[in-house]
Every structure is written in C-alpha cells, then in structure tokens.
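Trainee: I'd like a close look at the empty spaces in this protein, please. Could you walk me through them slowly, and then show me a few other spots worth a look?

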Amino acid sequence: MADDFIILHGRASSAVLEVSAGNVLWRHWGARLGDSLDLTPLQRAPSSFSLDRDIPLSMLPTFGMGWFGQSALLAHRSGCDFVQSFTRIDVVQRDATTAKLLMIDDVAQIAVTAALSLDFASDVLTIATTLTNTSAAPLEVQWLAAAALPLPSSIRVVRSWGGRHNNEFMVGEDALGDALWRRENRRGLTSHENFPGAVVLDDRGAAWAAQLAWSGNHCQTIEPLDDGRRQWQLGEWLAPGEVCLAPGAALQSPEVLATYTPHGPNGVAQNFHAAVRARMTWPGGKMRRRPVHLNTWEALYFEHDMADLTSLADAAAEIGIERFVLDDGWFEGRHDDRTSLGDWTPDLVKYPDGLAPLARHVTGLGMEFGLWVEPEMVNPDSNLYRAHPDWALQIAGRAQPTGRNQLVLDMTRTEVVEYLFEALAKLLADLPISYLKWDHNRALAPAAGKDGRATYRKQVLGTYALLDRIRAAFPEVEIESCAGGGGRNDAGIATRVHRFWTSDNNDAVSRIAIQRGFLQFMPPELMGAHIGASSAHATGRRQSLDFRAMVAMPGHLGVEMDPRTLDPAERARLARWIARHKDWRATLHGGETWSGTVSDSICWQAHGDTRSMLLFVYRVDPSVQRYSTTLRLPMLDQDRRYDVKALFPESATAIFDGSWLSTVGLPLSPLKAERDIVFRLSHTSA
Ligand code: GLA
C-alpha cells in the first residue's frame, strides 16, 4: 500500500496522520499548516541497537512487535495473543474534517476502528476508538486508550486538576521530565480527586489539552518517547477482568476531546467551551436564559416544614429567584443522612398532602420547581433495601462498606433501573417539576455485579441509559449533575445534563480557584455558582455579600442561604445583585471566557467578546505593594479604543487604547482584601 495522508484542518490547528501498510503514524497535531501540503513518507535514520523495523508513534501503538512505549491496547486470550500488530489498514471514511480508520490484526484477530473529527469552529479534535474481537475465543482487555496523542518535544509542563469534597478543581503543575506522568481514578465516578483531562504547555505560550468524555474510572499518561516527542494516552481505567469480549463483541471507548491553541490556557478554555456547548442537548434545542436558583440545602438542611418552605419560597420570589430547588430531606423518613435513600415518595409527616401544594405554591409565584434526587443510592435503613438487599453492589462473603451511610444500587440490573425510572417518572408526571438535581454522594466499593465481576463501566452506562430515558420521556426537564459537590463534572455526562454543581464549598475565596479550574474545561453557563451564607458553612470564613455575589456572578447563579435571615438592607442588596446578574447573563453566558492572575494577589476573569465584555477583578489577600498594579488584557483589539467603566463600585467612564490595555495594562485602584471590581469594557463608538 502506498503511503496516504489524512490531513484535518481547524482554524488554528491541524492534525496529520500517515497511513502506511501496517500502521497509522502520527505526523503532526498542533499549529495550523498550509492548505496544500506536499508530504513525503516518514523516514528516520536507523539508530544503533534498534530493531531493523522502525516503529514510530502511531494512532494506536501496540505492544510486542517493537513498540517499547506504553501500549494503547493491553489484551490477551488466556495469556496468548498478548502481542498485537496491525496487518491491514483501511481508510473507511474521510472528508475535510473527519476520518474513520479500520486497523486489523489478522494474527491476534482483533479489529480497531478509530474515528476522528476536527471541528473547524472550536479547533477540538474528537477521537474515539472501538476494539472488536474477531476471533472465536474471548479476549480479555486490560486497557484500551480512547486516544494516543502526540506531543512535541517543546512542551515543558502539564497542568492537571484534582482535590476532594469542598476543594474541587485545584490546579497542580508538574514538569515533564524523563519519567512517565500518570493520573488515575478508580472511584467509579468522575471523582473530586482527578479530573479526566489536562493542559500541556510549551515555553512560547502554546497549549495542547485533552479531556475524556466519561463519568467513571479513567487514566491518563504522558510518556517521553525516544524521538524527543511524548505520547499522551487517555482512556477508561479497567479493573481486572472487567472487560472480556466474547467472539464478535466490541468495546467502545469514550470520546477524547483534544485541542491545540497558540493562545495558552485561555485558548484552551475557549475551544473547550465551544465544543461542550455544541454537545449540549437543551430542551427545545437551545439554551434559554439560565434561571436564578434558590437551593434549599444550606438554608434548611433536613428541616422541612410546609409553612416554613412556603415562606422561604415567598422570600425567594421577592428577591428575584426564578427556580426554587427543594434539596435533600423531602422523601419518606429522611430526617438526616442515615436513612431512606431509595424511597422516592414524599414524607407524609412533613408533606401531609405530598409535594403538590408546595410545588404549586412555587409555580404560582412564577418560579420553576426543582427537586433533589440521588437515584443510584440506597440506605440500608430504607424500605427499598429491606425489600431488595440484593440490589446493592456487593460481593458474596465480603462486607459492604457504606459511605455517608449509603450503598450503591447495581445499575446494570433491569429491575433496579426499571424501579428508578418508575419512581422518577411518577414524580415528574404528578408534579410540575422542571428540574432535577441528580446527586451521587459516595465512591464505588466494591463495584461487583451479580456475577461477581467488576462492573464500573457498566454502572456508568446504566446511569447514562437512565438519564437518556428520563430525558426522552420528559424532554422539558433540565438536570443538574452533582456528586458531593463537583465529583461528576465531565464532558461525558454534559450531553445529558444542563448544569454542574461545582462544589459544596460556597466560600467565595475558595470558589475563585475552584471555578477557574472548572472554567478551564466547561463553559460558565453550566457552572452552578451560589451566593452562600456568611460565615461559609464549609469553611467558617466570613465575607461581604458583595464579594460573595461577585464571585458567583459569572456562573449559573443561585442562592444557597435563607434570605429571611438577612436584614432588609442586605436582602435588598442581594436582590440588586440578582437583578444585575439578569442584566449581565447574556454577556456572561454566550461568549468567551478569559482569566488570569497578576502580581500582588489579583486575579481576573472576563466574559463576552472583544467588542464588549465584563471584567471581574478580584483581590484575595491584602496588597503587599506600595502602588497598585496594572492589569494587562492581551485579548483586546489592538487597533480599537475602549470605554472602560467600573460598574461596581461605580465610577466614571475612561477611554483607553486597546493596544495600551493589552500591552501596558489597565491601572487598578487600590483594593482591600476580599473585594472585587467589575468593569464593562466596550469599543468606543468612534
Ligand atoms: C450533596 C450535595 C449537596 C446537597 C447534599 C444533600 O452533598 O453536594 O449540595 O444536595 O448532598 O444531601
């Protein structure tokens, strides 16, 4: 077979693969190349003590025939066929932006399909891989990379995100040296600990980034190669024995969303925001303005009382709330976090006539009514568990460790999913519910199905299927993905939900970093951001209402406190912030996002486009400088002048040249700690 080239171009990036007889080689993924490329097959000078057959980095490097790096596939048949090497390659489909490649190994009897598409508008390269067992004997699969991406020798560091409950999306930076870099998650859901993606940077400001669209276990590695490049693999982490492909069966990987940008982390955010936005499935086909929430959790916890809730709803409506979300505590016997998960009928002591009177009261006030559920969970102290103890994930002979006093239902069992669908469908059909907050408050251990085999991936697929079924049956209902705060925020579940709960930590100082991490991968309109109480329930710190509000402003705004506890002046102030958000949300939620830090504990975030944007400048710690710093905004149009107006605290408009603001910077007035300023920057009319 003569060499053939797959060339995909985005706006600012290109991907080039060389298809030869037994391999699909990575020739380039990075900066945009010219439209007409005259390419020649890769030829590398032989190197001493190397095998005579050269095996450079391919789309799916496999183990055993001379590729000594990380294999994108680890599989065997009772110890045999552990070597895989493709004997035939077919380009099944190709056009300007997509390609599908079929790679066949006639000896190990497997077929792999890799589907690629490079979206011109977002510059996001999407890759997914499917492995098919073409033999008559089963194939045990230990690892299948969803993608193996090439990284150039110029890269220096990798940024990745992780944390824990109340401390999600903390960024870490590792220098890339001679050793393998690896991050793994084995908690069964996306996890707080390891976000399934990363950003790789070179010294010149370019970035390569990827995220796995998957809500379960995952693994990513970056490995130095012997030609100076590195390969980056992302895929599902599989437990021992978890995937055994029967003859003819296939394993479909999740998708990897990958992007190159010359504009560093801000370019990555913009590309990912565009790609995630394009994947969203909104009721009616289009995102409508994000309604401002009041979520009852930190206002009431488990103390539900009809009179109190109706008065809370009245107070919510008065300050401009548009969606009232009834959190945990509403269902049969649920008075604390020890019981009742699984029993999805209203508690008749707290709600003698069910939830309908409250839901009608809320909708009568012009607000939407939302409800918290945690479908995949069951408390041992529940009617559901007493009736069906076998429905929880378990291994015969082993203890069932609880987490927050709960166990996990086996989402691979038809009767479990049927029960959950019926329970949720009844609530959604009987009540005017337009929103579900879908929680998942523990990690999986042990994750074994009825057959005793690991069931992590099937558990995720079971949840996806239930979400899809609910969406199909109730297409107008929006869903929020929550898992003890931000434990299930990823591009896989993003196609099925409409909002992420970012963190249970509503402390505004903590939130700045948490939200910046989230915004690296997801757009602001999906970021649940609530104005919490002072002191913050998660940290005990106190912050002004203005500061708390300004930090929450850019996201999908909500209130996570009881407005009735505020004095009239504070309550009016809160209402004013909600009104401002309503004025600003079209700018905040439709455009691009930039963020950065400057010296002296100042960080900033801007939303909109280069013609008109809102700029939030936050000071976290007290200044240590005698004079205040300037803030460079390199994304501004160099040849335009800007009206710069502080909207809060308000000040007169000043006019600056775009080139001045981008190169020298906006002068900032002194700012005390835990304060912020919001500006509007817009092209002058002249
Ligand atoms: C999790 C969520 C919270 C709240 C509680 C209810 O912790 O993150 O927002 O819904 O569960 O139990």
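Mentor: Sure, let's begin with the lining of the largest cavity: by class, that lining has 6 nonpolar, 7 polar and 1 charged residues. Keep in mind throughout that this is a predicted model. The largest cavity has a volume of about 100 Å³. It is lined by 14 residues, and N23, R53, I55, T62 and S85 are the ones closest to its centre. If you search the whole structure, you find 8 cavities of 30 Å³ or more. How do we spot such places at all? Rolling a probe the size of a water molecule over the atoms shows where empty space is left.

Now for the pockets. The largest pocket has a volume of about 1100 Å³. Its lining takes in 44 residues, and R159, P265, R516, S595 and G596 lie nearest the centre. Several elements each give two or more residues to that lining, including the strands β10 (155-164) and β11 (167-175) and the helix α1 (264-279). Which element gives the most? That's α8, with 8 residues. Sort the pocket lining by class and you get 21 nonpolar, 15 polar and 8 charged residues.

Next, have a look at strand β4, residues 73-76. Its side chains alternate: L73 and A75 point to one face and are buried, while L74 and H76 point to the other face and are not buried. β4 also has a partner, strand β9 (residues 139-151); the two run antiparallel and are joined by 4 bridges. Within that pair, L73 stands opposite L144 of β9.

Then there's helix α7, residues 456-473. With 18 residues at 1.5 Å a residue, α7 should span 26 Å, and its end C-alpha atoms are indeed 26 Å apart, so the two values agree. Many residues of α7 are buried, among them Y456, V460, Y464, L467 and R471. When you read a list like that, remember that an α-helix has 3.6 residues a turn, so residues three or four places apart point the same way.

Last stop: P357, which you'll find in helix α4 (residues 356-364). P357 has a relative accessible area of 27%, so it counts as partly exposed, given that buried means under 20% and exposed over 50%. Try finding T310 too: P357 and T310 are 47 residues apart in sequence, and from C-alpha to C-alpha they are 9.2 Å apart in space.

Technical notes
Residues numbered from 1 in each chain as written. Predicted model: local features only at pLDDT ≥ 70, side-chain atom pairs only at ≥ 80, totals over all residues. Heavy atoms only, no water. 1 Å grid on protein atoms, 1.4 Å probe; cavity = no way out; pocket = protein on both sides within 12 Å on 5 of 7 lines; lining within 4 Å. Points joined across faces, edges and corners; volume = space filled by probe spheres on them. Nonpolar A, V, L, I, M, F, W, Y, C, P; charged D, E, K, R; others polar. Buried < 20%, exposed > 50% of the residue type's maximum accessible area, 1.4 Å probe, protein only. Pairing = 2+ DSSP bridges. Expected span 1.5 Å × (residues − 1).
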